[in-house]
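Reader: I'm new to looking at protein structures and I get lost quickly. Could you walk me through how to read this one, feature by feature?

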Amino acid sequence: MSSAPGRRRLGSLAALLVALLLALTGCGGTSLAENRGDPKTLTIAAVQDNNSFDTAQLQLGNNMQYWWPVYDTLIIVNAQAELEPGLATDWTYNDDETILTLNLRDDVVFSDGTAFTSAAVKANLEHLANGGGQFSYMAQGITEVVPVSDTIVELHLDRPDPGLLDALALIAGAMASPAALEDPSLATNPVGSGPYVYDAGASTVGSEYIYTRNPDYWNPQAYEFNTIVIRPMPEATAMLNALKTGQVDTGSIPISNVSEAENSGLRIDTTPVNWRGLIIADRAGAVVPALGDVRVRRAINMAFNKPVMVENVLYGQGEVTAQPFGVESQAYVPELDDAYPYDLDQARALMAEAGYADGFDVTMPNTSGFNYINPFVAQQLGDIGIRVHFEQVPANSLIPELLSGRFPMYFFSLGSQDAWGDFRKTLLPNSPWNTSKSDSPELAALIETVRYTEPGEERTAAMQDVNRWVVDQAWFAPFFRENTVLASNPRIELTPHAWLVATRIDDYHLAETN
Amino acid sequence: MAMFVLRRLAAGLVLVFVITTIAYTLIYSTAGGIARNIMGENATAEQVAAKEVELGLDQPLPVQYITWLTHALRGDFGSSWFTSQSVVDTISTRLPVTLSMVIVSMLVITIVSVVMGMVAAIKGGATDRVLQVLSVVGFSLPNFWVALILVVVFSVGLGLLPATGYIPLTLSPVDWARSLILPVTALVVSGTASAAQQIRGAVTDVMQLDFVRTLKARGLSARSIQVQHVLRNAAPPALTVLSLQFIGLLGGAVVIEQVFAIPGMGTYTVSSALLGDIPSLMGIVVVMVVMVVIVNLIIDIMNGWLNPKARQQ
């Protein structure tokens, strides 16, 4: 039996504990951003960590979120995928499109005090071309960069490059201070001229990247927020919980979390940037002879009940398609979305006509990121006699394995941006996602037509002809365009980008009700 | 005692060497394609080959290992292949996060499990049975599940505590404590239950020894016997259990840090493993092994202090 003083001590201890808990929980579920006390702080949850701020090592996709605040680009590609002036106020090509002349702003200063001039453009493009990064190819088609004056620069090409302007709106256009380009610390301490400066002292790499307003920025009114905080949150559940409790303002969530996010009162925006489906790589039939027959490839396209897949695999967050180009691509042709409707009878007839009535065997990779789709693929290809054998591939070996050309056919997801960039990515003999290095004189001629056609409607039509040929020849079997889903705190409004999974910082705003 | 510590230290060094050698061999056996992953899809075969040379991946495994080891002995663990961040710098920012979570968890486990184990062993009867049932229930709850339930209830539902993130102690002690309450609770549920059971068993065993009966016959108070004699004699097995708990907490932190988006060693381990970032992974392996060695050394020293027979072994 405990004594009265003992009970009093216990009572005091309990009271102290309760007081401590109240003190600790007294602030409620306040966020880190809110703790900073400025409603004009935008906290973004990113699905992956930053790789580098070195402009030669920048990446597209989710990584853009990290470098957009600090680096201006020569040209801007806005949310509607239209090109606008950036550091370059305007631009013109010569008659044969081998010299691009850019007029540059004269009021831009890098955060280290260096003035932005044509010399900076030359230094940056050479740094990218020679830097060995993933996107060095964007600058490698430029044979010479000629500063004509401080505010005029010429980019010389040996032949027209229909993707150059788009590249200058992406990584090729990102400008860092020329004084910082050779400093290895650029990877962790960006020196740009963008609307924000990176606060390395307040940031914790891998946890929280903090950007504050650049006081010398030339276009401050375009950016509503005083502080940008980016928190890498690769775990989807953690991100959703952070969104629900207001710890972060916005983030890209998996489609399986959409209804939960909506029920929690979060705002949902979508953009169909990526298409998913089969890349029928072995178009020459080198590994699986059947795939060399276009009738078989068309049969594969007809074997998939895509509306049902969109409903069950994507929870309705996508659109059926049969073309490997997004709706905002210059190559997009609306009617091609339905080029191969689900028709098992016709698919089987095509297989029989090609001499494969009994089907054939094919080995496809199975990896953790895409294994959700494999039962659908195996079952529906099985319906036309194609027997799929899955080979396990570790997630961090998937890209090297696919690029090696070892797999004749595989499920994959590719983003679609500008048409020429997509051609370079998937259709040319040396394209990375032409993994079996298929070559067609007919396709090459169509692509060269695009190169030498004047920009405008004619070039757009030529790009669409490339698309028609690729769909007709069934180089791919796209299933659907999958929505990238952005969930946001209702205090935030945003305009998703038509080409990119990341949202530009100037496309985030405070909701009017705030 | 000095010889005892030196022997344990020497054994620890051998362990560090053996584990890092095995880890290096295993990790590098899966290093194929890393250069391509770093360089990206647009790199040419020549660029990928040049990157392999730059990283030393073209060298035979023993050469690579000796190179790594000589650098590591100088404290140079290199930089991440994917982010260019110094491995030592990254670990120095992430280790305190994990350690603060694990050390607080250890304190909670130690206090709660000792109290539960002692009470169960001494009171017996219904109290013992209730505590045993609680222990079994606690032991069977997966920590990630507990973590998710805690977030749903206390963060999303009640809005009392942050759902994610970590605030350094130096920035705000109150926010630091708030950011740790849920992760620590999720981590300790299973460990406390397990340790309480072990401590209960150890205390029960000691309570049945002759010397306890003798002490009671000499008229010593129950509390004095329990604290000064029973607990001290039950301490060695309890310490061993607690040291195992500490090592288990380091593993548990990998999952818990993911659920709470805590930027510690756990999330660093997962991201490095997914990328195949070998310099980072090797740095993590070394730090984790050294920590295990240090904890075991401390436990051995404490056991030696408590039990002179252990010093002579």
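Author: Happy to. Let's begin with a term: a salt bridge is a side-chain nitrogen of Lys or Arg within 4 Å of a carboxyl oxygen of Asp or Glu. Keep in mind that this is a predicted model.

Reader: Okay, so how many salt bridges turn up over all chains?

Author: A search of the whole structure gives 24. One of them joins the side chains of Arg459(A) and Glu97(A), at 2.9 Å from N to O. That pair links distant parts of the chain, 362 residues apart: Arg459(A) sits in helix H16 (residues 457-472) of chain A, and Glu97(A) in the loop between E4 and E5 of that chain.

Reader: Are Arg459(A) and Glu97(A) buried or exposed?

Author: Both are buried. For Glu97(A) the reasoning goes like this: buried means under 20% relative accessible area, and Glu97(A) has 7%, so it counts as buried.

Reader: What is the phi of Glu97(A)?

Author: Here's the general idea: most residues other than glycine have a negative phi. Glu97(A) is not a glycine, yet its phi is positive, about 55°. Ala261(B) is another non-glycine with a positive phi, about 50°. You'll find Ala261(B) in the loop between H10 and H11 of chain B, and at 17% relative accessibility it counts as buried.

Reader: Which parts does the salt bridge of Glu391(A) and Arg406(A) tie together?

Author: First the distance: the closest N and O atoms of Glu391(A) and Arg406(A) are 2.8 Å apart. Glu391(A) is in strand E15 (residues 386-392) of chain A and Arg406(A) is in the loop between helix H13 (398-403) and strand E16 (409-415), so the pair ties together parts 15 residues apart in sequence. Glu391(A) is partly exposed, at 30% relative accessible area, and Arg406(A) is partly exposed too, at 38%.

Reader: What about a salt bridge inside one helix, like Arg468(A) and Asp465(A) in helix H16? How far apart are they?

Author: The general idea first: an α-helix has 3.6 residues a turn, so residues three or four places apart point the same way. Arg468(A) and Asp465(A) are three residues apart in helix H16 of chain A, about one turn of the helix. Their side chains meet in a salt bridge of 3.2 Å, N to O. With a relative accessible area of 35%, Arg468(A) is partly exposed, and Asp465(A), also at 35%, is partly exposed as well. Elsewhere, salt bridges that share partners join Asp293(A), Arg295(A) and Glu353(A) into one network.

Reader: Let's move to where the chains meet. How much area do chain A and chain B bury between them?

Author: The size of an interface is often given as the accessible area lost when the parts come together. Here chain A and chain B bury about 3,200 Å² between them, with 55% of it on carbon and sulfur atoms. The contact draws 42 residues from chain A and 40 residues from chain B. As for salt bridges across this interface, the rule finds zero.

Reader: What does a single residue such as Thr164(B) touch?

Author: Leaving out residues up to four places away in sequence, Thr164(B) touches residues of both chains, including Arg231(A), Met233(A), Phe260(B) and Ala261(B). Thr164(B) lies in the loop between helix H7 (143-157) and helix H8 (173-207) of chain B. At 3% relative accessibility, it counts as buried.

Reader: And chain B as a whole: how many helices and strands does it have?

Author: It has 13 helices and zero strands. Its C-alpha atoms fill a box of roughly 85 × 55 × 35 Å along the principal axes. Of its 313 residues, 48% count as buried.

Reader: Could we zoom in on one helix? Which helices do the buried residues of H11(B) pack against?

Author: They pack against helix H5 (87-123), helix H10 (222-259) and helix H12 (278-306) of chain B. The buried residues themselves are Met265(B), Gly266(B), Thr267(B), Tyr268(B) and Ser272(B). Just after H11(B), Gly276(B) takes a positive phi of about 75°.

How values were computed. Residues numbered from 1 in each chain as written. Chains lettered and ligands numbered in written order. Predicted model: local features only at pLDDT ≥ 70, side-chain atom pairs only at ≥ 80, totals over all residues. Heavy atoms only, no water. Helix = DSSP H or I, 4+ residues; strand = E, 2+ residues; numbered from the N terminus. Buried < 20%, exposed > 50% of the residue type's maximum accessible area, 1.4 Å probe, protein only. Contact = heavy atoms within 4.5 Å. Buried area = accessible area lost by both parts, 1.4 Å probe.
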